[in-house]
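Me: I'd like to go through the labels people put on a model like this and ask what backs each one up. Can you take me through the reasoning?

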Amino acid sequence: SYIDLSTIDQTNKEEFKHEILTHHIYGRVTPDQKAEIVDILRAEGHIVGMTGDGVNDVISLKKADCSIALGSGAPATKNISSFILLDDNFNNMKDAVLQGRGVINNVQRSSSLFIMKDVLWLIMMVLPIIFGISHIYEASVITLVNLLITGIGSLFLTLEPSTERIQGDFFKTVLRKAV
């Protein structure tokens, strides 16, 4: 669904917000309207990505969660953007998003594994003290456990493809998975 924003009354903020939230493609947008669109979508809880190539896009690019400049764009736009599409090819954005999701998801899983391992080591350290028994800490045991639990495990977790959408708080997700 698309809309020509030059036909919308700019002074009626409620109508403008309604049109922004009910359409997905906006045409004939002024620089002020671009910034307002970013504000409206962010206020509604959306993660906003903005692409631009001109100086007129700078304000909305700065307000967006992720700003993407075109490689052929103005230097000011490229300086404030999170990413620059060097070849101006929007088809590459999907691959970049999926790659980023994979990295974040794999870091979350590996972090959960390391936290789980550290908690288990803490338990193995405290239990012998509480029960008055000798502990099993020897260099060979620690090395073997670290190799089997975190070394090989994190290698497989890192190589696992994962392009699911990232949701929630990173730290809370890591702790929940570790538990």
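Reply: Sure. A salt bridge here is a side-chain nitrogen of Lys or Arg within 4 Å of a carboxyl oxygen of Asp or Glu. Keep in mind that the model is predicted.

Me: What makes Glu36 and Lys13 a salt bridge?

Reply: Their side chains meet with N to O at 3.5 Å. The cut-off is 4 Å, so the pair qualifies. Glu36 sits in helix α2 and Lys13 in helix α1, 23 residues apart, and the pair links distant parts of the chain.

Me: Is Glu36 buried or exposed, and how do you know?

Reply: Glu36 has 17% relative accessibility. Buried means under 20%, so Glu36 counts as buried. Lys13 is at 46%, which makes Lys13 partly exposed.

Me: Why is the Arg42 and Asp65 pair said to tie parts of the chain together?

Reply: First the bridge itself: the N to O distance is 3.0 Å, and that is within 4 Å, so the name fits. Arg42 lies in helix α2 and Asp65 in the loop between α3 (58-63) and β4 (66-70), so the pair joins parts that are 23 residues apart in sequence. Arg42 is partly exposed at 41%, and Asp65 is partly exposed at 36%.

Me: What about Asp118 and Lys117, which label does each get for accessibility?

Reply: Asp118 has a relative accessible area of 42%, so Asp118 is partly exposed. Lys117 has 12%, which is under 20%, so Lys117 is buried. The two form a salt bridge, with the closest N and O atoms 3.1 Å apart. By the 4 Å rule, the count comes to seven salt bridges.

Me: Why would such side chains pair in general?

Reply: Opposite charges can pair when the charged atoms come close.

Me: What makes the link between Asp9 and Thr11 a polar contact?

Reply: Their side chains are joined at 2.8 Å, and the limit for the N or O pair is 3.5 Å, so the distance fits. Asp9 lies in the loop between β1 (2-4) and α1 (13-22). At 39% relative accessibility, Asp9 is partly exposed.

Me: How do you know that Asn106 is buried?

Reply: Asn106 is at 10% relative accessibility, and the cut-off is 20%, so buried is the right word. Asn106 is found in helix α5 (residues 91-131). Leaving aside neighbours within four places in sequence, Asn106 is in contact with Leu157, Thr158, Glu160 and Ser162.

Me: Which residues have the most contacts inside the largest nonpolar core?

Reply: Leu5, Phe16, Ile20 and Ile37, in a core of 13 residues. The elements that give two or more residues to this core are α1 and α2 (31-43), and α2 gives the most, with four. Leaving aside neighbours within four places in sequence, Leu5 is in contact with residues including Phe16, Ile20 and Ile37.

Me: What makes Arg28 unusual enough to mention, and is Arg28 buried or exposed?

Reply: Arg28 has a positive phi of about 50 degrees although it is not a glycine. Arg28 is in the loop between β2 (25-27) and α2. At 66%, over the 50% mark, Arg28 is exposed.

Me: Why is Asp88 called partly exposed?

Reply: Asp88 has 29% relative accessible area, which falls between 20% and 50%, so the label is partly exposed. Asp88 also has a positive phi, of about 55 degrees, without being a glycine, and its place is in the loop between β5 (83-85) and α5.

Notes: Residues are numbered from 1 along each chain as its sequence is written. This is a predicted model: local features need pLDDT of at least 70, side-chain atom pairs count only at pLDDT 80 or more; totals for chains, interfaces and linings use all residues. Side-chain values use heavy atoms; hydrogens and water are left out. Buried means under 20% relative accessible area, exposed over 50%, partly exposed in between (1.4 Å probe, protein chains only). A polar contact is a pair of N or O atoms within 3.5 Å; within protein, one must be able to donate a hydrogen and the other to accept it, and residues adjacent in sequence count only if both atoms are side-chain atoms. Contact means heavy atoms within 4.5 Å. A nonpolar core is a set of buried Ala, Val, Leu, Ile, Met, Phe, Trp, Tyr and Cys residues joined through side-chain atoms within 4.5 Å.
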